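Here is a short report on one protein model. Please look over the sequence and the 3D view before reading on.

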Amino acid sequence: MKPIVILAPRLLKAISWVIDICAITLYPFIIAREEMSEDVLCHESIHIAQQKELLVVFFYILYGWDYLRGLVKYKDKSKAYFRIRFEQEAYEHMYAHAYLDTRQSYNWKSYKV
Ligand SMILES: [Zn+2]
């Protein structure tokens with residue numbers, strides 16, 4: 001199933017507290033500030049896959065947990081964000097546009113906060 005893309009520039013600007021957010025994913029939607037590049041679409045589509053395997057709610061619980069662990073460990077909001085395991089997987093593979101064709105389920109587990 002292809003994600004449903006919604007453009008909401010003001011919303012994305014309003015929630016850009018830690019980093020400048022250009023898109024967020026809430027399965028099955030991708031809410032974007034503007035038309036996305038293929039790379040950003042791939043990044044968000046990886047989050048769609050992660051959310052699907054964790055029934056969305058557990059994705060956000062673990063996402064918050066990873067962020068808090070990162071904050072305690074690195075004492076830096078930006079570093080804590082980039083150390084979230086879901087973000088590590090998405091950033092590492094966002095330029096390999098066929099990644100989702102061969103991705104193993106729960107691959108985010110191979111990363112460490
Ligand atoms: Zn992301």
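## Tyr27 and its surroundings

Leaving aside neighbours within four places in sequence, which residues is Tyr27 in contact with? They are Met1, Ile48, Gln51, Lys52 and Val56. Keep in mind that this is a predicted model.

Tyr27 sits in the loop between strand S2 (23-26) and strand S3 (29-32). Tyr27 and Val56 are 29 residues apart along the chain, yet their C-alpha atoms are separated by 6.7 Å. Is Tyr27 buried or exposed? Neither label applies: its relative accessible area is 30%, so Tyr27 is partly exposed. The cut-offs behind that call are under 20% for buried and over 50% for exposed.

## The zinc site

The zinc ion is coordinated by His43 through NE2, by His47 through NE2, and by Glu87 through OE, which is listed twice. These donors lie at 2.0 to 2.7 Å. Along the chain they follow the spacing H-x3-H-x39-E. The site has 4 donor atoms, with angles of 54 to 151° among them, and is irregular. A tetrahedral call would need all angles between 85 and 135 degrees.

Both histidines belong to helix H2 (residues 38-53). They are 4 residues apart, so about one helical turn separates His43 from His47. His43 is buried, at 4% relative accessibility. His47 is buried too, at 4%.

## Nonpolar cores

The largest nonpolar core has 14 residues. Tyr63, Tyr81, Ile84 and Phe86 have the most contacts inside it. Helix H3 (57-74) and helix H4 (77-82) each supply at least two residues of this core. H3 gives the most, with 3 residues.

Tyr63 touches Tyr81, Ile84, Phe86 and Glu87, not counting residues up to four places away in sequence. Glu87 is also a ligand of the zinc ion. Apart from the largest core lies another, of 6 residues. Its members include Ile30, Ala32, Met36 and Ile48. Ile48 is also one of the contacts of Tyr27. In soluble globular proteins, nonpolar side chains tend to be buried together.

## A buried aspartate

Asp66 is in helix H3. Its relative accessibility is 0%, so Asp66 counts as buried. What does the side chain of Asp66 make a polar contact with? The partner is the side chain of Arg85, at 2.7 Å.

Beyond neighbours within four places in sequence, Asp66 is in contact with Ile84, Arg85 and Val113. Of these, Ile84 is among the residues with the most contacts inside the largest nonpolar core.

Key
Residues numbered from 1 in each chain as written. Predicted model: local features only at pLDDT ≥ 70, side-chain atom pairs only at ≥ 80, totals over all residues. Heavy atoms only, no water. Core = buried A, V, L, I, M, F, W, Y, C linked by side-chain atoms within 4.5 Å. Buried < 20%, exposed > 50% of the residue type's maximum accessible area, 1.4 Å probe, protein only. Contact = heavy atoms within 4.5 Å. Polar contact = N/O pair within 3.5 Å; in protein donor to acceptor, adjacent residues only side chain to side chain. Donors = N, O, S within 2.8 Å, 3.2 Å for Na, K, Ca; no water. Tetrahedral: all angles 85-135°; square planar, octahedral: opposite > 155°, others 65-115°.
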